[in-house]
Amino acid sequence: MDVARLGELERAVMEVLWASQEPASVRAVHAALADRGLAYTTVMTVLTRLAAKNVVRRERAGRAWLYAPAASREEYVAELMLEALELTGDRGSALVRFAQSVTSDEADALRQALERGEKT
Amino acid sequence: MILAWHQLAAGATAVAVVAWLLRSRWTHTHPRAALVLWQITGLTLIVATIGALLGFGLAPFNRGLLPALFLLPARVGELDVWHFAAVAAGLTLAGWLVVNQVLCLRSTARARARHRLLLQLVARPAPDALEVDHPIAVAYCLPGRTPRIVVSAGARRLLTDTELDAVLAHERAHARERHHLVVAPFQALRRLLPGSALLTRVVATIELLVEMCADDRAARTHGREPLASALERFHAHGVAGTPAGALAVADTPVQARIRRLREPQRSAFPAMWPAACLVVLTALGTSASLFAVPL
């Protein structure tokens, strides 16, 4: 499977997990993506990869693993934006920006979005 | 001893060029040439500093620096305390610089990998860029083997289509010209000495020159005005909510970029530039060859 397709699948799987109210089994994710005609093992592979990258948490329930997003979509967006705006405290060099424009209120809102996620 | 004096002379040359570069106005007209000079001068300064310390410390051996270093383990007892201290300082400095660069590369690579992953999960692929759904306006380039150009929904709303195209061309220029590689060594140095006002100023200067290179490249295909007005919008938008104290800076880097896009100066290429390059390269050559030549 090529990288672009794998990336697209990871995204689709995350969408399912974010939409689900509670941790989902591989079977449930597979069923939610039924219209894509994916193999069960493919969905399992993607979930395992996502868990290895720490964006998905997994817990055992009986004989099956249940998967849940490690953070909400909003928190991930906030994390991206904080880094893009160079507000992470670490004056790193990961990105090259065009120009930044952020008000202090907006920056506070982003930080709060992340902190909320860490508490829950 | 003569080695140490040569190294000091090379270092002094580099310091003089740094002072000239920080003061000059032509750098904004010819950012690329300025960046080249910055890079070789920075390298010269570091090589010469280490060379001077080692040259003084190893002078009693009467050899070139590298041959003398090989002798060091066996004959370290012959050095008095000053020479020993200089050798130790030189070696520590060299090791410290290398380790710091490697650590910075590693942490940057890790941050980029995480950023890339999150983009894959939450950004919407549009034909021209990845789009992050957030009202704050940002546009940036995530460097890497396959660089990603990212805009926020806020940036799309803030800019007209022509302006956005120019901004994206600017980001593609960063990606194509591998600007992150130009900035990275200087940023790593600053991380070593975060309190240094001089280094902070140098890094800010380099970052600004890199932006100007990308501005020039984007302006060639998309015109100067869309880029200038895009910068102005970003600037005005950001300034609106900042507390009063933060506005005290009279000439921000963004204003400098807008000005040179609107009123391009046709100032001639500085005659001093080739001369300065030649002098610094000679200094670097001298400095580096003193490590190898067995005197």
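Begin by selecting strand 2 and strand 3 of chain A in this predicted model, where the two strands form a hairpin with two residues between them. Zoom in on the turn and pick out A:Gly62, whose phi is positive, at about 70°.

Keeping the hairpin selected, follow the pairing away from the turn: strand 2 (residues 56-61) and strand 3 (residues 64-69) of chain A run in the antiparallel sense and are joined over six bridges. Two of the residue pairs are worth labelling. A:Arg60 stands opposite A:Trp65 of strand 3 of chain A, and A:Arg57 has A:Ala68 of strand 3 of chain A as its bridge partner.

Next, add strand 1 of chain A (24-25) to the selection. Strand 1 of chain A is antiparallel to strand 3 of chain A and is joined to it by two bridges; to see the register, label A:Ser25 together with its bridge partner in strand 3 of chain A, A:Leu66. With these three strands displayed, the open sheet of chain A can be read across in the order 1-3-2, with antiparallel pairing. Strand 1 and strand 2 of chain A stand at the edges with a single partner strand each, so one side of each has no neighbour in the sheet.

Now show helix 3 of chain A (residues 40-52), which packs on the sheet and touches both strand 2 and strand 3 of chain A. If you look along the helix and then along strand 2 of chain A, the two directions make about 115° with each other.

Moving on to the other chain, colour chain B by secondary structure, and eleven helices and four strands should appear. The C-alpha trace of chain B spans about 70 × 45 × 35 Å along its principal axes, and 37% of the 295 residues of chain B count as buried. Among the contacts in chain B with a separation of 6 or more, 71% come from residues that are 24 or more positions apart.

Finally, select helix 4 of chain A (residues 73-84) and helix 4 of chain B (residues 81-122), whose axes come within 10 Å and cross at roughly 135°. That angle makes helix 4 of chain A oblique to helix 4 of chain B, and the crossing is left-handed. To display the contact as side chains, choose A:Arg73, A:Tyr76, A:Val77, A:Glu79, A:Leu80 and A:Glu83 from helix 4 of chain A, together with B:His115, B:Leu118, B:Leu119, B:Leu121 and B:Val122 from helix 4 of chain B. Coloured by residue class, the residues of this contact divide into seven nonpolar, one polar and three charged.

Terms used:
Residues are numbered from 1 along each chain as its sequence is written. Chains are lettered from A and ligands numbered from 1 in the order in which they are written. This is a predicted model: local features need pLDDT of at least 70, side-chain atom pairs count only at pLDDT 80 or more; totals for chains, interfaces and linings use all residues. Axes are lines fitted to C-alpha atoms, for helices over the stretch in contact, and angles run from 0 to 180 degrees between N-to-C directions. Angles under 35 degrees count as roughly parallel, over 145 as roughly antiparallel, 65 to 115 as roughly perpendicular and the rest as oblique. A crossing is left-handed if the near helix is turned anticlockwise from the far one by less than a right angle, and right-handed if clockwise. Two residues are in contact if their C-beta atoms, placed from the backbone, lie within 7 Å. Ala, Val, Leu, Ile, Met, Phe, Trp, Tyr, Cys and Pro count as nonpolar, Asp, Glu, Lys and Arg as charged, and the others, Gly among them, as polar. Two strands pair if DSSP finds at least two bridges between them. A residue is buried if 20 or more other C-beta atoms lie within 10 Å of its own, exposed if 12 or fewer, and partly exposed in between; C-beta atoms are placed from the backbone.
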